[in-house]
Amino acid sequence: GTIVGLMSLAGIFYSNMQTAMQMISSIRSSKPIIDKMLPIDNADIEIDNLKSVKEISICDLSFSYEDRAEPVIKSKTYNFITGNKYLIKGKSGCGKSTLLKLISGRLIPSSGIVQYDSQDISEINQVALTNIYAYVDQNVHIFDGTIKYNITLGRDVPEAEYKEAIKIADLSEYISLKEEKDNFELKPDKSNISGRQAQRIAIARAICSGRKIFFMDEALSGCDILTARKVEKSLIGMNETTLFMVSHRNDVEYEKMYDEVINV
């Protein structure tokens, strides 16, 4: 019995070691590819440089998906001044989200250029680029942790900034109704949080990130109209931030608050 037991343990040990060695080999072989895709040399310097960007421009921009005969974005040219607020609107499927992904570098254009000041986006370190903006869409990720952790992501955020983020995202009442307040534990499968609450947590998370460019892709689609208007108005009122808001809602009064409305 002892011999059989030892043989069984040895088999388990050998199997786990074999799996571990395979994983190490896979990680090592992937490293050159990751380094090529996400270069990090001088990333901190580029982040600092990008924070002072005054203008984001696109010129004769077009983009086509492989499964579509016609381009979803065709020959678009715009100049966006940092600090301004932009509403991107249009009917469903017209390319609003695609345009946002092109501006932020999440998609590579089929033709045309995207520039941050005079620098082509293809020449910008992608780590640096993604560290100057916050991107919030409909598919919000919730982490296994408290409400506060999901907003701060464990960073040491000043209490005043944290409370301001909660206020802008209209989360104060939601948190106050919890017995544990912002220590309430959330589940990654979102079984104990609604979609509208998750979206507002993602918005508060973006604010607490300290980034000054916000890409909001239907970020308030799960909220009722009154809540959406309240949060949207607060976001528009944030000084020294650039806001790109993609929305399917038609609200003429709120459109007037934006510096420019982009009809895709």
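## Ground rules

A residue is called buried when under 20% of its relative accessible area is left, exposed when over 50% is, and partly exposed in between (1.4 Å probe, protein chains only). By that rule, Tyr 133 and Phe 215 are both buried.

What you're looking at is a predicted model, where local features need pLDDT of at least 70, side-chain atom pairs count only at pLDDT 80 or more, and totals for chains, interfaces and linings use all residues. Residues are numbered from 1 along each chain as its sequence is written, and side-chain values use heavy atoms, with hydrogens and water left out.

## The nonpolar cores

In soluble globular proteins, nonpolar side chains tend to be buried together. A nonpolar core here is a set of buried Ala, Val, Leu, Ile, Met, Phe, Trp, Tyr and Cys residues joined through side-chain atoms within 4.5 Å. The largest one has 40 residues, and Ile 151, Leu 171, Ile 203, Phe 214, Met 216 and Leu 235 touch the most other members. Helix α8 chips in the largest share, eight residues. (Helices are DSSP runs of H or I, at least four residues; strands are runs of E, at least two; both are numbered from the N terminus.)

Who does Ile 203 touch? Skipping neighbours within four places in sequence, Ile 203 is in contact (heavy atoms within 4.5 Å) with Val 136, Ala 169, Met 216, Ala 219, Leu 220, Val 231 and Leu 235. There's also a second, separate core of 31 residues, with Ile 88, Ala 128, Leu 129 and Ile 132 among them.

## Rings and charges

Rings of Phe, Tyr and Trp (its six-membered ring) pair if their centres lie within 6.5 Å; planes under 30 degrees apart are stacked, over 60 edge-to-face, and the rest tilted. The whole structure has nine such aromatic pairs. In one, Tyr 78 and Phe 80 are tilted, at 5.9 Å centre to centre and 35° between the planes. Tyr 133 and Phe 215 meet edge-to-face instead, at 5.0 Å and 85°. That second pair links distant parts of the chain: Tyr 133 is in β6 and Phe 215 in β9, 82 residues apart.

A charge sits over a ring if NZ of Lys or CZ of Arg is within 6 Å of the ring centre and within 35 degrees of the ring normal. Lys 148 does this with Tyr 162, 4.9 Å from the ring centre, and Lys 178 with Phe 184, at 4.2 Å.

## The four-stranded sheet

Strands pair if DSSP finds at least two bridges between them. One open sheet runs β2-β1-β4-β5 with antiparallel pairing, and β2 and β5 are its edge strands. Five bridges join β1 to β4.
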